Amino acid sequence: FTDNDYLIAMRVSIEGIRASADISSRFMIYIGMIGIILGSLIIFIFASSFTKPIKNMASVANRMANLDFDAKVEVTQDDELGELGNSMNQLSEKLESTIADLKAANLELKKDIEKKEKIDDMRKEFLSHVSHELKTPISVISSNLQMIKAMKSYEEDLV
């Protein structure tokens, strides 16, 4: 040792150190548990806020699958999920418009089929009437021809 060096000796009981270590260990366990609980809560809230728009979009997609095109995604974000929501809304509008056009075309087609069936019924009725009207003169002519033929045959037998 030199003149400027000092030596300090302290006596501390092991019991005090153990008690302090015990207290700090319990404190660390409590802080760790509180940290885990708070961390889990924060993760749950964050995950819920992230998955909520996705669940909403899935719900809207299911409604659209059941032909409910009034279902729209509420777009509150300006990220990829917001872009997907806008795309789903556009898809819904286009499908609704297309189905309305198809319904109108189907209605026109039904009207055309009804007109065709009506014309077909009128044609059948006309042919039935013409056939009936032609049968009477044809049978009269046929019977007259048979009578003439029979008379000719009788005259030939006389000669």
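## Basis of the description

Helices are DSSP runs of H or I with at least four residues, numbered from the N terminus. The loop between α1 and α2, in which Leu67 lies, is delimited by these helices. The model described here is predicted.

## Overall architecture

The secondary structure of the protein consists of 2 helices and 0 strands. The radius of gyration is 51 Å, whereas the globule rule gives 15 Å for 159 residues, so the protein is more spread out than a compact globule. The C-alpha trace spans about 185 × 30 × 25 Å along its principal axes.

Residues that count as buried make up 8% of the 159 residues. The accessible surface of the protein amounts to about 14500 Å², and carbon and sulfur atoms contribute 63% of this area. Among contacts with a separation of 6 or more, 50% are between residues 24 or more positions apart.

## Charges and salt bridges

The protein carries 19 positive and 25 negative charges, and the mean positions of these two sets are 6 Å apart. The salt bridges number 4.

One of them joins Asp22 and Arg26, with the closest N and O atoms 3.5 Å apart. Both residues belong to helix α1, which comprises residues 14-65, and their spacing of 4 residues separates them by about one helical turn. Asp22 is partly exposed at 40% relative accessibility, and Arg26 is likewise partly exposed, at 46%.

A salt bridge also links Arg63 to Asp68, where the closest N and O atoms are 2.9 Å apart. Arg63 has a relative accessible area of 38% and is partly exposed. Asp68 also counts as partly exposed, with a relative accessibility of 27%.

## The network in helix α2

Helix α2 covers residues 80-158 and contains both Asp120 and Arg123, which lie 3 residues apart, about one turn of the helix. Their side chains meet in a salt bridge with an N to O distance of 2.8 Å. Arg123 is partly exposed at 43% relative accessibility, and Asp120 is partly exposed with a relative accessible area of 24%. Salt bridges with shared partners join Asp120, Arg123 and Lys124 into one network.

## A buried serine in helix α2

Ser92 is located in helix α2. Its relative accessibility is 0%, so Ser92 counts as buried, the cut-off being under 20%. Apart from neighbours within four places in sequence, the residues in contact with Ser92 are Met64, Phe69, Ala71 and Lys72. Of these, Met64 falls within the span of helix α1, residues 14-65.

## The loop between the helices

Leu67 lies in the loop between α1 and α2. Its backbone has a positive phi of about 65°, although Leu67 is not a glycine. Most residues other than glycine have a negative phi. The relative accessibility of Leu67 is 59%, and because the cut-off for exposed is over 50%, Leu67 counts as exposed. Leu67 in the loop is thus exposed, whereas Ser92 in helix α2 is buried.

Notes:
Residues numbered from 1 in each chain as written. Predicted model: local features only at pLDDT ≥ 70, side-chain atom pairs only at ≥ 80, totals over all residues. Heavy atoms only, no water. Rg over C-alpha atoms; globule rule 2.2 N^0.38 Å. Buried < 20%, exposed > 50% of the residue type's maximum accessible area, 1.4 Å probe, protein only. Contact = heavy atoms within 4.5 Å. Areas by Shrake-Rupley, 256 points an atom, 1.4 Å probe, with all protein chains shown as cover. Lys, Arg positive; Asp, Glu negative; His and termini not counted. Charge placed at Lys NZ, Arg CZ, Asp CG, Glu CD.
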